[in-house]
Amino acid sequence: MTEVLDCGCAFGQHASGARHRVYRCVRHTRQCPVQNIFTEKKYSNMGVLAEETQHVAELERNIGLPPEVTAGHLIEFGAGVSPYTKMVRDRGYSYTAVDSSSWACSYMREHHAVEAHCCNIDQFEPTQQYDVVLAAHVLEHVTDAPSTLAKFNQVLVPGGSLYLIIPDDQDLMNQDHNWFFTVAAMTTMLAEYGFDVERYSVERIVPQEDFIYCLA
């Protein structure tokens, strides 16, 4: 079954209940080109270049931070200009970033001296497994959310943890989102790809939608 909005964008429904965009209307195609949306201007507008700490506080408040370790390995998919790098290192993890934005990867290498892989998630070929996968506001942007969750599971050590943040499905007009979740849809899709949800929390951070925080 396909749902068509007034603008012309069309959405299908995954077996989990998550909605996904199957056609982008002309207006939203112009507003949000598929390529090169995550640039210096985008990150500046998001406020992350100032290395603000509210994102870490929000994560801690909702599902907690990764446990402190002596020598762990964490990978962040869709890292962009991540506000979590210092927190990750302070808690004893090496930090690896994966992002398709060459500008963001260069910024992370130059300002944070991190290992940054500039590629799409499905193109990333891991040479090791990781104790923690962090994916903050990534799953809604990808073309294929199920295959992305499969990749997350692939790179985790047995018993590793996924820290996931996604918006819920209240704002279907968001022009750069392709997937839209409820808590039930998220939980069902995670289970399909080998994850058990340990805890989750929902908080209204922005006016137009709730954010779902999940530890699996």
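**Salt bridges and a one-sided helix**

Glu 3, Arg 19 and Asp 169 are linked in a network of salt bridges. Keep in mind as you look around that this is a predicted model.

Let's start with one link of that network. The side chains of Glu 3 and Arg 19 meet at 2.9 Å, taken from N to O. Glu 3 sits in strand E1 (residues 3-4) and Arg 19 in strand E3 (residues 19-23), so this pair ties together parts that are 16 residues apart in sequence. How buried or exposed are the two partners? Glu 3 has a relative accessibility of 31%, so it counts as partly exposed. Arg 19 comes out at 19%, and because the cut-off for buried is under 20%, Arg 19 falls on the buried side.

The count for the whole model comes to seven salt bridges, so there are others to visit. One of them joins Arg 91 and Glu 68, with the closest N and O atoms 3.9 Å apart. If you're wondering whether that still qualifies, the rule asks for a distance within 4 Å. Here the partners lie in loops: Arg 91 is in the one between H4 and strand E5 (93-99), and Glu 68 is in the one between H3 and strand E4 (72-77), so the bridge ties together parts that are 23 residues apart in sequence. Glu 68 is exposed, at 62% relative accessible area.

Another pair is Asp 210 and Arg 204, whose side chains form a salt bridge at 2.5 Å, N to O. Asp 210 is buried, with 16% relative accessibility, while Arg 204 is partly exposed at 41%.

Now over to helix H3, which spans residues 54-63. Which of its residues are buried? They are His 55, Val 56, Glu 58, Leu 59, Asn 62 and Ile 63. These residues cover an arc of only 160 degrees around the axis, which is why they end up on the same side of H3. The spacing is what you'd look for in a helix: with 3.6 residues a turn, residues three or four places apart point the same way.

What covers that side? Among the elements over the buried residues of H3 are helix H4 (85-90) and three strands: E8 (156-167), E10 (199-206) and E11 (209-215).

Finally, take a look at what comes right after the helix. H3 is followed by Gly 64, and the phi of Gly 64 is positive, near 85 degrees.

Methods:
Residues numbered from 1 in each chain as written. Predicted model: local features only at pLDDT ≥ 70, side-chain atom pairs only at ≥ 80, totals over all residues. Heavy atoms only, no water. Buried < 20%, exposed > 50% of the residue type's maximum accessible area, 1.4 Å probe, protein only. Helix = DSSP H or I, 4+ residues; strand = E, 2+ residues; numbered from the N terminus. Arc of directions from axis to C-beta. Contact = heavy atoms within 4.5 Å.
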